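Thank you all for making time this morning. I would like to walk you through one structure, going from its open and closed spaces to its strands and then to its charged pairs, so please keep the view open while I talk.

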Amino acid sequence: MEKLKRLWQKETLRVIGLMSGTSADGMDAALVDISGCGLSTKVTTLGFVFVPYPEKIRNEILRLASGAEGGSHDLCLFSFLLGQLSLDACRAVCDQAGVSSASVDLVGSHGQTLWHIPKAEDYLGYPIRGTLQLGEASVICEGLGCPVVSDFRVRDMAAEGQGAPLVPYAEYLLYRKENKTVALQNIGGIGNITVLPQGGTPEDTFAFDTGPGNMVMDQLMERFTNGQQRYDENGAFATKGECDEKLLAWMLQDPYLKKAPPKTTGREYYGKEYVDALLAQAAGMKPENIVATACRFTAECIRAAIASFCPAQPDYLIIGGGGSRNPTLMRNIRRALHIPVLVNEDLGFDSEAKEAIAFAILANECIHGKPNNVPSVTGAKHPVVMGKISL
């Protein structure tokens with residue numbers, strides 16, 4: 001407790017936020033100074049790094065995240081390995097920012113999601129929901145000598161929430177406007193949208209996963225290039241092709257798109273089996289046309305989400321995440337929507353760092369005992385303090 005008391009007495013905390021997403025391509029680490037908490041939160045970004053995973057580690061993540069392989073032995077070792085990689089990322093962002101790792105007061109670590117079950121399944125005669133993020137926080141704590149907050153999602157799920165999305169709480173603190181309705185779309189492996197009604201409270205905020213972000217395109221590129229390309233860099237491959245309207249119409253029949261929020265999804269839905277079905281439907285088509293159609297699909301998922309589930313038309317949409325770096329996808333989004341579409345950089349933020357910064361903010365709220373979920377977003381019965389603290 002003495003470590004936490006020292007943090008409570010400091011005006012500004014130096015915090016690292018860590019995020020490893022569904023693309024499983026590497027670790028994001030953001031170094032920030034945070035003053036205050038709740039509505040008084042102020043954040044200054046000091047550094048950001050993306051540390052790519054070696055191919056063998058990414059392959060192991062995808063193997064374990066398939067749900068079909070990996071037992072307790074593998075999960076045990078993987079959790080400690082990811083803890084070490086998380087510690088390495090913390091040190092890397094400190095080096096990039098030119099500060100000592102000894103100056104870090106706190107770390108917020110999301111870990112790696114291996115499986116997410118937001119809807120109850122029958123398990124041994126009980127209706128059970130669950131979520132699994134691994135990456136041993138104690139390894140980070142031991143290496144840096146500061147408290148680490150991790151395993152955020154489970155507390156929301158215990159309160160009957162879906163454990164996702166979690167970033168909207170931080171988005172409310174950073175992006176809310178008194179006279180504008182602001183929408184934020186993150187495009188990582190999965191796409192998720194947050195809408196902040198003008199002059200609204202956290203309870204007015206709503207958010208949900210819109211469907212695949214980069215995940216389907218990434219899997220297609222890996223298959224079409226025999227693993228030589230993990231993603232469609234700058235949307236160049238999709239640009240060579242044309243969207244097939246018939247295939248797009250089939251994709252838009254996806255039941256997930258019609259499901260009302262709160263809702264969340266992931267690799268368990270848009271993973272290998274989904275891509276197998278897509279390729280069967282697209283038999284005989286040119287690879288570049290399939291990727292072009294998948295790219296258009298991501299944009300259409302966003303359009304459908306806003307049209308179907310946003311009670312008020314946003315004044316503008318801010319795109320973040322890796323998808324914001326794909327010019328072909330951005331063109332598709334702008335064509336699909338009838339509102340201004342910005343990127344985080346237009347507002348002085350870093351699109352790549354956004355989610356890592358969010359987990360730094362969630363960690364700061366946790367150690368101050370502040371509820372940091374948004375029940376209107378996750379479906380939880382009430383606000384809860386998410387995160388487990390390692391001291």
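The second largest pocket is lined by 21 residues, and those that lie nearest its centre are L62, S66, Q219, G271 and K272. Before I go further, please bear in mind that what you are looking at is a predicted model. The space in this second largest pocket comes to about 540 Å³. As for where the lining comes from, helices α2, α7 (215-224), α11 (267-270) and α12 (272-281) each supply at least two residues. If we sort the lining of this pocket by class, we find nine charged residues, seven nonpolar ones and five polar ones.

From that open space, let me turn to the enclosed kind. How many cavities of 30 Å³ or more does the structure hold? There is one cavity that reaches this size, and the volume of the largest cavity is about 30 Å³. Its lining is made up of T210, L257, K263, C301, A304, A305 and F309. Helix α13 gives the most to that lining, with four residues. By class, the lining of the largest cavity divides into five nonpolar residues, one polar residue and one charged residue.

Next, the strands, and here I will start with β1, which covers residues 12-20. Strand β1 is mostly covered, in the sense that seven of its nine residues are buried. On one hand, β1 pairs with strand β2, residues 26-35, in the antiparallel sense and over eight bridges. If you would like a position to look for in that pairing, V15 stands opposite V32 in β2. The two strands β1 and β2 form a hairpin with five residues between them, and in the turn you will find A24, which has a positive phi of about 55°. On the other hand, β1 also pairs with strand β4, residues 106-123, this time in the parallel sense and over five bridges. In that pairing, G17 stands opposite G108 in β4.

Staying for a moment with the part of the chain that follows β2, I would point out T41, which is found in the loop between β2 and β3 (42-52). Is T41 buried or exposed? T41 is buried, with a relative accessible area of 5%. A polar atom of the T41 side chain lies 2.7 Å from the backbone oxygen of G38.

That brings me to the charged pairs, of which I will show three in some detail. Counted over the structure, there are 18 salt bridges. One of them joins D74 to R63, with the closest N and O atoms 2.8 Å apart. D74 lies in helix α3 (residues 72-97) and R63 lies in helix α2 (residues 55-65), so this pair ties together parts that are 11 residues apart in sequence. Both partners are partly exposed, D74 with a relative accessible area of 24% and R63 with one of 25%.

The second pair is R296 and E245, whose side chains meet in a salt bridge at 3.2 Å, N to O. Why does this pair tie together parts that are 51 residues apart in sequence? R296 lies in helix α13 (residues 287-309), whereas E245 lies in helix α9 (residues 245-251), and so the contact ties together those two parts. R296 counts as partly exposed at 23% relative accessibility, and E245 counts as partly exposed at 48%. This pair does not stand alone, since E245, R296, E300 and R303 are linked in a network of salt bridges.

The third pair is the salt bridge that R325 forms with E345, where the closest N and O atoms are 3.3 Å apart. Here the contact links distant parts of the chain, with R325 in the loop between β10 (316-320) and α14 (327-336), and E345 in the loop between β11 (341-343) and α15 (354-367), 20 residues apart. R325 counts as partly exposed at 40% relative accessibility, and E345 is partly exposed as well, with a relative accessible area of 32%.

With that I will stop, and I am happy to go back to any of these places on the screen.

Methods
Residues are numbered from 1 along each chain as its sequence is written. This is a predicted model: local features need pLDDT of at least 70, side-chain atom pairs count only at pLDDT 80 or more; totals for chains, interfaces and linings use all residues. Side-chain values use heavy atoms; hydrogens and water are left out. A salt bridge is a side-chain nitrogen of Lys or Arg within 4 Å of a carboxyl oxygen of Asp or Glu. Buried means under 20% relative accessible area, exposed over 50%, partly exposed in between (1.4 Å probe, protein chains only). On a 1 Å grid over the protein atoms alone, a cavity is a set of points where a 1.4 Å probe fits but cannot get out, and a pocket is an open set with protein on both sides within 12 Å along at least five of seven lines; lining residues have an atom within 4 Å of a point. Grid points are joined across faces, edges and corners, and a volume is the space filled by probe spheres set on the points. Ala, Val, Leu, Ile, Met, Phe, Trp, Tyr, Cys and Pro count as nonpolar, Asp, Glu, Lys and Arg as charged, and the others, Gly among them, as polar. Two strands pair if DSSP finds at least two bridges between them. A polar contact is a pair of N or O atoms within 3.5 Å; within protein, one must be able to donate a hydrogen and the other to accept it, and residues adjacent in sequence count only if both atoms are side-chain atoms.
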